[in-house]
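User: Could you take me on a close look at a single part of this structure? I am new to this, so please go step by step.

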Amino acid sequence: MERFSLPAALVLVLTCLDLSLVSADSLTAPVNVTIKALKANSAVVTWDIPEGDPVIGFAITQQKKDVRMLRFIQEVNTTTRSCALWDLEEETDYIVHVQYLSMSGPSPPSEALHFRTPKEAEQLASKSKDEVKMEGVGQTTQLRAGELIIIVVVLIMWAGVIALFCRQYDIIKDNEPNNNKDKAKNSSECSTPEHPTGGLLRSKFPKNNRKPSVNIIEV
């Protein structure tokens, strides 16, 4: 059985500590730490992880501003990059730090993220405003759809009227030569017939050129 002297064992322990510190120092802190879905009593913190060792979990420290008490949240065997914060107090300032856990150990903490929870009444007011806005958008969309339908129907009606007018115009135009022929025929029938003797009608009664006879009786 090998025996290590005290100086050798001390050197071995220091070497292991140095290796662990080097591996931990090679990790970088989470970036883009933000707060989403902020409410009076809850919030969601999200972050991004730089490329490096595989992530096996995360750790979050939550602290009220000007208060020393901390809340520590840790989860392992997960690669999620978000965490819900609950039991928050309304109109309160909070400070959050995020670390991710890897096979090499925990990463350095992120930069401090400050946020303030809103008041419950303000949250309800903003929610009602959003709902009213969404209803207004829905009504505007419905109105626009109705207006478009009306415009399309009017255009279709105008197109039908124009097509009917063009058809009637073509029919009238095609019938014009026939009407002109009929008019010419009727006018020729109603005009005075011409005669070779000068165009004037002679009297049916023959002229009598004989002079009247006078009988004288002697008494």
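**Around E89 and T117**

Analyst: Let's begin with E89, which counts as partly exposed because its relative accessibility is 40%. Please keep in mind that this is a predicted model.

What does the side chain of E89 meet in a salt bridge? Its partner is the side chain of K64, with 2.7 Å from N to O. E89 sits in the loop between β5 (82-85) and β6, while K64 belongs to strand β3, so this pair ties together parts that are 25 residues apart in sequence. K64 also counts as partly exposed, at 25% relative accessibility. As general background, side chains of opposite charge can pair when their charged atoms come close.

Now turn from the side chain of E89 to its backbone. The backbone oxygen of E89 lies 2.4 Å from a polar atom of the side chain of T117. The side chain of T117 has a polar atom 3.0 Å from the backbone nitrogen of T92 as well.

Where is T117 placed? You will find T117 in the loop between β8 (113-116) and α2. Is T117 buried or exposed? It is buried, because its relative accessible area is 1%, and buried means under 20%. Leaving aside neighbours within four places in sequence, T117 is in contact with several residues, including L38, K39, A40, L88, E89, T92 and Y94.

That list brings us to Y94. The rings of Y94 and F115 have their centres 5.6 Å apart and their planes at 20°, so this pair is stacked. Y94 is in strand β6 (residues 93-102) and F115 is in strand β8, so to speak of the pair is to speak of a link between distant parts of the chain, 21 residues apart. Both rings belong to buried residues: Y94 has 2% relative accessibility, and F115 has a relative accessible area of 8%.

Strands β6 and β8 also hold the partners of a salt bridge. The side chains of D93 and R116 meet there, at 3.3 Å from N to O. D93 lies in strand β6 and R116 in strand β8, so the pair ties together parts that are 23 residues apart in sequence. D93 is partly exposed, with a relative accessible area of 28%, and R116 is partly exposed too, at 44% relative accessibility. The count for the structure comes to two salt bridges, and you have now met E89 with K64 and D93 with R116.

Let's step back to the whole chain. Its secondary structure comes to two helices and eight strands, and along the sequence they follow the pattern α-β-β-β-β-β-β-β-β-α. Of the 219 residues, 16% count as buried; T117, Y94 and F115 are among the buried residues. Among contacts between residues at least 6 apart in sequence, 60% join residues at least 24 apart.

To recap the part you asked about, start at E89: its side chain meets K64 in a salt bridge, and its backbone oxygen lies 2.4 Å from a polar atom of the T117 side chain. From T117 you can go on to Y94, one of its contacts, and from Y94 to the stacked ring of F115.

Definitions and conventions
Residues numbered from 1 in each chain as written. Predicted model: local features only at pLDDT ≥ 70, side-chain atom pairs only at ≥ 80, totals over all residues. Heavy atoms only, no water. Helix = DSSP H or I, 4+ residues; strand = E, 2+ residues; numbered from the N terminus. Buried < 20%, exposed > 50% of the residue type's maximum accessible area, 1.4 Å probe, protein only. Polar contact = N/O pair within 3.5 Å; in protein donor to acceptor, adjacent residues only side chain to side chain. Contact = heavy atoms within 4.5 Å. Phe/Tyr/Trp six-rings, centres within 6.5 Å; stacked < 30°, edge-to-face > 60°. Salt bridge = Lys/Arg side-chain N within 4 Å of Asp/Glu carboxyl O.
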